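The following note reviews a structural model point by point. Please read it with the sequence and the structure in view.

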Amino acid sequence: MASIRCFLRSGKSAVSVVLRREFSKTSPAAVQVNVRDALNQAMDEELERDERVFLLGEEVAQYDGAYKVSRGLWKKYGDKRIIDTPITEMGFAGIAVGAAFAGLRPICEFMTWNFSMQAIDQVINSAAKTYYMSAGAQPVPIVFRGPNGSSAGVAAQHSQCFAAWYGHCPGLKVISPWSAEDARGLLKAAIRDNNPVVFLENELMYGVPFDLSEEVMHKDFVLPIGKAKVERQGTHITLVSHSRCVGFCLDAAAVLAKEGVECEVSVVL
Amino acid sequence: MQKMLTIISNVLRGSARRNGAQVVSEATSLVVASRSYADFTPEATFDIKKVDLHRLEEGPPLTATLTREEGLKYYRTMQTIRRMELKADQLYKQKIIRGFCHLYDGQEACAVGIEGGITLSDHLITAYRAHGYTLTRGGTVREIMAELTGRRGGIAKGKGGSMHMYTKNFYGGNGIVGAQVPLGAGVALACKYLGNDQLCVSLYGDGAANQGQIFETYNMSSLWKLPIIFICENNQYAMGTSVERSAASTEYYKRGDYIPGIRVDGMDVLCVREATKFAADHCRSGKGPILMELQTYRYHGHSMSDPGVSYRTREEIQEVRSKSDPISMLKDRMLSNNMASIEELKEIDIAVRKEIEDAAQFATTDPEPPLDDLCSHIFANDQPFEVRGATPWTKLTSTS
């Protein structure tokens with residue numbers, strides 16, 4: 001994310017960036033999938049593909065996930081690979097990072113990213129910085145994921161957005177997708193990445209359906225991490241956003257289009 | 001005996017002009033050569049202190065058998081750690097080592113004893129007082145000292161420093177107090193997950209023992225029966241706060257509550273070894289975690305910025321040094337049981353001194369890492385990318 005902002009800010013390379021940016025996929029829709037199911041399928045496929053991948057977090061197993069994102073996974077993969085933890089974020093985040101040190105590929109779920117503050121030391125000091133401090137001797141292939149940012153009336157302690165906080169830490173890849181396609185492709189890429197990834201979802205997006213093409217539904221569909229995307233073509237002004245607010249930008253663009261202003265909506269992933 | 005002494009005195013008189021070390025080594029090699037190794041006891045059994053038990057019916061054995069080879073190896077390793085730490089002290093005072101430097105002298109029996117109870121295919125993680133463990137886990141003195149001086153020949157290429165040294169199955173070297181304990185449990189989880197019969201030793205100090213995340217780790221390790229040995233190196237002081245002033249319960253081996261614990265004399269390398277073997281058996285038999293408290297002592301202050309005498313007396317330090325020094329204890333045992341000769345041990349001392357000198361020389365002359373390394377190793381397995389420096393027009397390339 002940091003490198004993209006860097007590109008966008010330097011005037012000279014703006015044009016070349018526009019030409020290099022991807023257009024959003026408009027291939028024929030194969031199926032309608034909501035973000036929750038896209039994440040669920042992504043994890044399922046990656047668990048199947050690599051024995052070393054496992055999921056741990058509060059209520060991810062027998063409860064099927066606090067927000068049902070991990071529904072069905074425990075039934076399919078069992079106790080060894082889908083692990084319910086006690087309510088001890090700092091402890092289980094540390095355990096997840098240690099498992100990554102020793103060669104496994106954990107997915108550590110925070111029930112919401114607000115609770116990650118209890119474990120933020122493990123995310124930053126143990127996960128993000130280790131590859132650098134060891135001069136490349138110790139990679140940390142871990143994904144931290146969970147809902148981030150605004151929700152529906154859950155008050156201050158449960159509504160913070162951590163994109164800016166985590167985005168400033170070298171050694172961490174921070175992803176904040178909007179659509180089901182992005183969620184799917186980027187979660188798979190995050191799990192396959194050998195670096196610590198902070199994957200910021202949004203609770204209110206979980207139930208939103210999107211059309212996914214056959215190509216996107218392929219089990220090896222991954223999106224490149226760190227590359228921005230144009231959701232809507234436009235010529236007069238660019239709206240840049242991430243996660244749920246992309247939807248608002250698109251709504252705003254639709255309103256403005258009636259007045260003759262064509263907005264380009266760009267998604268920073 | 002008389003004949004040997006005559007030989008030695010002749011040699012010494014005849015070489016009055018040559019330097020002392022050469023003379024001693026000549027005399028030593030003469031003595032050693034004239035005394036065959038069949039004279040030494042190959043193996044002896046020693047009584048060791050009984051350990052305190054928590055939630056255990058039986059503890060480690062009350063005797064330990066030491067072979068001559070093991071004894072010499074432990075002696076050499078402990079002496080290497082001792083001299084390496086003292087050299088680091090010297091280099092720090094000369095400002096050749098900067099930043100943090102937490103020295104391990106006094107606690108050598110812990111690192112060496114623990115390694116004697118596990119294998120290199122087991123895993124170990126500790127906090128920032130890590131130079132001794134880096135050595136016992138396979139690092140060389142050269143790499144360690146060059147890392148302390150921040151040079152490219154360092155074990156972390158000069159980017160980690162004193163607190164961030166890594167080798168195979170050794171996960172540092174961790175700066176945040178207590179954070180290494182859940183990390184160690186994660187490594188143990190991986191051992192259980194992969195079914196490789198390995199275990200993880202997770203160390204922390206008396207100061208860290210009050211950290212909440214350690215209790216969280218006790219809980220999960222017990223629930224999931226992880227193959228982890230928790231080891232509390234109790235050197236009586238957390239920086240400058242004594243155990244009585246920081247812990248409501250100073251019986252650290254009992255703090256695991258439902259986790260069985262043992263309290264061990266950490267100044268006796270054989271005690272530590274037998275306790276570690278006992279703990280390792282416990283883990284490998286699938287019984288889950290076990291906790292070991294090692295009662296030990298550090299001669300230096302908490303770090304190089306701490307003289308170490310504002311919160312404890314010089315007399316206390318002196319008393320431990322004279323009564324319980326781990327290296328002296330092993331030396332006395334070996335000599336009084338005829339397992340080695342004074343000269344042989346002196347030869348080891350000389351060899352160790354030379355190794356440390358060479359390492360210090362390397363550490364002082366090796367070049368610092370190149371500027372490009374400042375931004376490299378941010379991400380693993382990635383394409384090189386540009387990182388903006390302090391100004392928009394300064395850029396460095398980051399490679400994996």
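1. A residue is called buried when its relative accessible area is under 20%, and exposed when that area is over 50%. By this criterion, 55% of the 269 residues of chain A count as buried. The reader should keep in mind that this is a predicted model.

2. Chain A contains 11 helices and 12 strands. Of the contacts in chain A between residues at least 6 apart in sequence, 81% join residues at least 24 apart. Its accessible surface amounts to about 11100 Å², and carbon and sulfur atoms account for 56% of that surface.

3. Helix α5 of chain A merits separate attention. This helix runs over residues 89-101 and has 13 residues. From its first C-alpha to its last it reaches 18 Å, close to the 18 Å expected at 1.5 Å a residue.

4. Is α5(A) enclosed by the rest of the structure or not, and why? Because 12 of its 13 residues are buried, α5(A) is largely enclosed by the rest of the structure. Among the buried residues are A:E89, A:F92, A:I95, A:V97 and A:F101. Just after this helix, A:G103 adopts a positive phi of about 110°.

5. Confidence should be considered next. Chain B has a mean pLDDT of 92, with 90% of its residues at 70 or more. Over residues 14-25 of chain B, however, the pLDDT is below 50, and this stretch has 4 contacts beyond near neighbours in sequence. Residues 27-34 of chain B also stay under 50, and the model gives them 9 contacts beyond four places in sequence.

6. For the complex, the predictor reports an ipTM of 0.89 and a pTM of 0.89.

Note on methods. Residues numbered from 1 in each chain as written. Chains lettered and ligands numbered in written order. Predicted model: local features only at pLDDT ≥ 70, side-chain atom pairs only at ≥ 80, totals over all residues. Heavy atoms only, no water. Helix = DSSP H or I, 4+ residues; strand = E, 2+ residues; numbered from the N terminus. Buried < 20%, exposed > 50% of the residue type's maximum accessible area, 1.4 Å probe, protein only. Contact = heavy atoms within 4.5 Å. Areas by Shrake-Rupley, 256 points an atom, 1.4 Å probe, with all protein chains shown as cover. pLDDT = per-residue confidence, 0-100. Expected span 1.5 Å × (residues − 1).
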